Amino acid sequence: MSRFVFRCPLRWSDMDAYGHVNNVVYLRYLEEARVAMFFEGARTAGVSTFEGELVVVRHEIDYRRPLVFLPEPIEVETWVTDIRNSSCSLRYEVRNNDVVYAEARSVLAAYDAKAGHARRLTDPERAWLEKFRDDAAPTA
């Protein structure tokens, strides 16, 4: 299957006193990739029900090497590893060409904001998620 690739520009302010991208900034990169994937990408495919109806319930990040400022955008590859009744699991690689700076995992739950609890994924949502399903381990 395919992976969603988001080109994420680095900002000079992403760096910390040690001269590399601060660990907390990686969460922003993952967020920007998810927004592009679930809101923009899904909407383009005709699935708009994810918008405002997904919540993060878990993040894990493994930092592989320091990322210093680069003038060109880095890539955040995102793919789906598990689809359940009301949630899905994602994997990510934060990379530049063949260099992987971080690998991450997230669990997202479909959420009904009006009712204040998780909801089941719809059939169109599940079908769209399947397009990005890849149970393979990261490439690096």
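Here is a short conversation about salt bridges and exposure in this predicted model.

Guide: Welcome! Residues are numbered from 1 along each chain as its sequence is written, and side-chain values use heavy atoms, leaving out hydrogens and water. Because the model is predicted, local features need pLDDT of at least 70 and side-chain atom pairs count only at pLDDT 80 or more, while totals for chains, interfaces and linings use all residues.

Visitor: Why is the contact of E60 and R58 called a salt bridge?

Guide: The term asks for a side-chain nitrogen of Lys or Arg within 4 Å of a carboxyl oxygen of Asp or Glu. E60 and R58 have an N to O distance of 2.8 Å, so the pair qualifies.

Visitor: What makes D62 and R64 a salt bridge?

Guide: Their N to O distance is 3.8 Å, which is within the cut-off, so this pair counts too.

Visitor: Why is E60 called partly exposed?

Guide: Buried means under 20% relative accessible area, exposed over 50%, and partly exposed in between, with a 1.4 Å probe and protein chains only. E60 has 30%, so it is partly exposed. Its partner R58 is at 47% and therefore partly exposed as well.

Visitor: How do you know that D62 and R64 are partly exposed?

Guide: D62 has 27% relative accessibility, so the term fits. R64 has 46%, so the term fits there too.

Visitor: Which salt bridge joins E93, and is E93 buried or exposed?

Guide: E93 meets R95 at 2.2 Å, N to O. Both E93 and R95 are buried.

Visitor: Which residues are linked in a network of salt bridges?

Guide: R58, E60, D62, R64, E103 and R105 are linked that way. By the salt-bridge rule, the count comes to 15.
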